[in-house]
Amino acid sequence: MLAAIVLATGSATFLSPAQLNVGHARNRLQPAMTPTMFFGPRGDPVEVELKTFDGIKTVQGTAGQSMMKVVGSSGLIYGCKTGECGTCEAKLDGRVVRTCVAKLPKKPQVKIDVTSNAVLKSRR
(Lines give C-alpha, C1' and ligand atoms only; values in the text may rest on other atoms or scores of the structure.)
Protein backbone atom coordinates (compact mmCIF):
# COMPACT_ATOMS: atom_id res chain seq x y z
CA MET A 1 0.00 0.00 0.00
CA LEU A 2 1.22 3.46 -0.90
CA ALA A 3 0.79 6.50 1.34
CA ALA A 4 2.37 9.93 1.54
CA ILE A 5 2.91 12.66 4.06
CA VAL A 6 2.67 16.16 2.65
CA LEU A 7 4.14 19.06 4.63
CA ALA A 8 2.28 22.32 4.13
CA THR A 9 2.44 25.39 6.35
CA GLY A 10 4.18 23.57 9.15
CA SER A 11 1.59 20.79 9.58
CA ALA A 12 1.76 17.23 8.33
CA THR A 13 -1.21 15.73 6.48
CA PHE A 14 -1.63 12.02 5.82
CA LEU A 15 -2.91 11.24 2.32
CA SER A 16 -4.38 7.84 1.64
CA PRO A 17 -3.69 5.95 -1.61
CA ALA A 18 -7.18 6.90 -2.83
CA GLN A 19 -6.29 10.61 -2.54
CA LEU A 20 -3.16 10.24 -4.66
CA ASN A 21 -2.79 9.67 -8.38
CA VAL A 22 0.28 7.61 -9.01
CA GLY A 23 1.98 8.30 -12.33
CA HIS A 24 3.20 4.76 -13.14
CA ALA A 25 5.02 5.82 -16.30
CA ARG A 26 6.93 8.57 -14.57
CA ASN A 27 6.97 6.96 -11.12
CA ARG A 28 6.12 10.13 -9.22
CA LEU A 29 3.25 11.19 -6.96
CA GLN A 30 0.68 13.71 -8.15
CA PRO A 31 -1.91 14.97 -5.64
CA ALA A 32 -5.47 14.56 -6.88
CA MET A 33 -6.68 17.53 -4.85
CA THR A 34 -7.53 20.90 -6.37
CA PRO A 35 -6.06 24.12 -4.97
CA THR A 36 -8.23 25.99 -2.47
CA MET A 37 -6.84 29.46 -3.23
CA PHE A 38 -9.06 31.97 -4.96
CA PHE A 39 -7.52 34.94 -6.70
CA GLY A 40 -10.72 36.80 -7.56
CA PRO A 41 -12.31 39.92 -6.07
CA ARG A 42 -12.62 40.11 -2.30
CA GLY A 43 -15.85 42.00 -1.83
CA ASP A 44 -19.23 42.96 -3.13
CA PRO A 45 -19.53 44.89 -6.40
CA VAL A 46 -19.45 48.69 -6.12
CA GLU A 47 -20.69 51.03 -8.83
CA VAL A 48 -18.38 54.04 -8.99
CA GLU A 49 -19.43 57.33 -10.57
CA LEU A 50 -16.12 58.93 -11.53
CA LYS A 51 -16.20 62.68 -12.26
CA THR A 52 -13.22 63.83 -14.33
CA PHE A 53 -12.43 66.89 -16.43
CA ASP A 54 -13.56 64.89 -19.46
CA GLY A 55 -17.00 64.16 -18.00
CA ILE A 56 -18.62 61.54 -15.82
CA LYS A 57 -17.79 57.85 -16.21
CA THR A 58 -19.34 54.87 -14.51
CA VAL A 59 -16.89 52.12 -13.60
CA GLN A 60 -17.19 48.93 -11.58
CA GLY A 61 -15.10 48.02 -8.56
CA THR A 62 -15.26 45.74 -5.56
CA ALA A 63 -15.46 46.60 -1.89
CA GLY A 64 -11.97 46.67 -0.41
CA GLN A 65 -10.30 47.22 -3.80
CA SER A 66 -7.57 49.84 -4.04
CA MET A 67 -8.95 53.16 -5.26
CA MET A 68 -5.79 53.60 -7.34
CA LYS A 69 -6.99 50.85 -9.65
CA VAL A 70 -10.50 52.25 -9.90
CA VAL A 71 -9.53 55.84 -10.74
CA GLY A 72 -6.61 54.84 -12.96
CA SER A 73 -8.19 56.24 -16.12
CA SER A 74 -9.00 59.62 -14.57
CA GLY A 75 -5.61 61.25 -15.13
CA LEU A 76 -4.62 61.45 -11.46
CA ILE A 77 -0.91 61.77 -10.77
CA TYR A 78 0.72 59.58 -8.15
CA GLY A 79 3.84 60.85 -6.42
CA CYS A 80 4.84 58.91 -3.35
CA LYS A 81 2.17 56.14 -3.36
CA THR A 82 2.28 56.16 0.45
CA GLY A 83 -0.27 58.91 1.17
CA GLU A 84 2.23 61.59 2.21
CA CYS A 85 2.50 64.00 -0.73
CA GLY A 86 -1.19 64.56 -1.56
CA THR A 87 -0.91 64.58 -5.36
CA CYS A 88 -3.58 61.89 -5.63
CA GLU A 89 -6.27 63.58 -3.52
CA ALA A 90 -9.87 63.17 -4.66
CA LYS A 91 -13.30 63.49 -3.09
CA LEU A 92 -15.03 60.25 -2.15
CA ASP A 93 -18.68 61.05 -1.44
CA GLY A 94 -17.67 64.61 -0.46
CA ARG A 95 -14.70 63.69 1.77
CA VAL A 96 -11.13 64.26 0.65
CA VAL A 97 -9.14 61.01 0.50
CA ARG A 98 -5.74 60.06 -0.86
CA THR A 99 -6.52 57.43 -3.45
CA CYS A 100 -3.10 55.77 -3.37
CA VAL A 101 -3.81 54.35 0.10
CA ALA A 102 -7.63 54.38 0.26
CA LYS A 103 -9.89 51.37 -0.39
CA LEU A 104 -13.39 51.32 -1.84
CA PRO A 105 -16.03 51.25 0.92
CA LYS A 106 -18.67 48.56 1.30
CA LYS A 107 -21.45 50.52 -0.37
CA PRO A 108 -23.43 49.69 -3.50
CA GLN A 109 -22.65 53.11 -5.07
CA VAL A 110 -20.00 55.78 -4.49
CA LYS A 111 -19.06 59.06 -6.18
CA ILE A 112 -15.44 60.03 -6.75
CA ASP A 113 -14.63 63.57 -7.91
CA VAL A 114 -11.09 64.21 -9.13
CA THR A 115 -11.84 67.72 -10.46
CA SER A 116 -11.00 69.24 -7.05
CA ASN A 117 -7.40 67.98 -7.23
CA ALA A 118 -5.03 70.99 -7.13
CA VAL A 119 -2.33 69.32 -9.25
CA LEU A 120 -4.76 68.45 -12.03
CA LYS A 121 -6.28 71.95 -11.94
CA SER A 122 -2.84 73.53 -12.37
CA ARG A 123 -2.17 71.39 -15.46
CA ARG A 124 -5.41 72.40 -17.19
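**Fold, core and cysteines of the predicted model**

S66 sits in the loop that links strand 6 (55–62) to helix 1 (67–70). The model described here is predicted. S66 counts as buried because its relative accessibility is 18%, and the cut-off for burial is under 20%. Beyond its neighbours within four places in sequence, S66 makes contact with A102 and K103.

The protein chain contains two helices and nine strands. Read from the N terminus, the order of elements is β-β-β-β-β-β-α-β-β-β-α. The protein chain has 124 residues, of which 29% are buried. Its exposed surface comes to about 8800 Å². Carbon and sulfur atoms account for 54% of that area. Contacts in the protein chain were also sorted by sequence separation. Of those between residues at least 6 apart, 39% connect residues at least 24 apart.

In soluble globular proteins, nonpolar side chains tend to be buried together. In this model, the largest nonpolar core comprises 18 residues. V48, M67, L104, I112 and V114 have the most contacts inside this core. Four elements each supply at least two core residues: strand 5 (45–52), helix 1, strand 7 (89–92) and strand 9 (109–113). Strand 5 is the largest contributor, with three residues.

I112 illustrates the packing. With residues up to four places away in sequence left out, I112 touches V48, E49, L50 and K51, together with M67 and V71. Its remaining contacts are A90, K91, L92 and L104. Three of the residues named above for their core contacts, V48, M67 and L104, are thus among the partners of I112.

The structure holds zero disulfides. C80 is in no disulfide, and its nearest cysteine sulfur, that of C85, lies 3.5 Å away. Because a disulfide requires cysteine sulfur atoms within 2.5 Å, this pair does not qualify. C80 is partly exposed, with a relative accessible area of 29%. C88 is likewise in no disulfide. The nearest cysteine sulfur to C88 belongs to C100, at 3.5 Å. C88 counts as buried because its relative accessible area is 2%, where the cut-off is under 20%. C80 is therefore partly exposed at 29%, whereas C88 is buried at 2%.

Notes
Residues numbered from 1 in each chain as written. Predicted model: local features only at pLDDT ≥ 70, side-chain atom pairs only at ≥ 80, totals over all residues. Heavy atoms only, no water. Buried < 20%, exposed > 50% of the residue type's maximum accessible area, 1.4 Å probe, protein only. Contact = heavy atoms within 4.5 Å. Areas by Shrake-Rupley, 256 points an atom, 1.4 Å probe, with all protein chains shown as cover. Core = buried A, V, L, I, M, F, W, Y, C linked by side-chain atoms within 4.5 Å.
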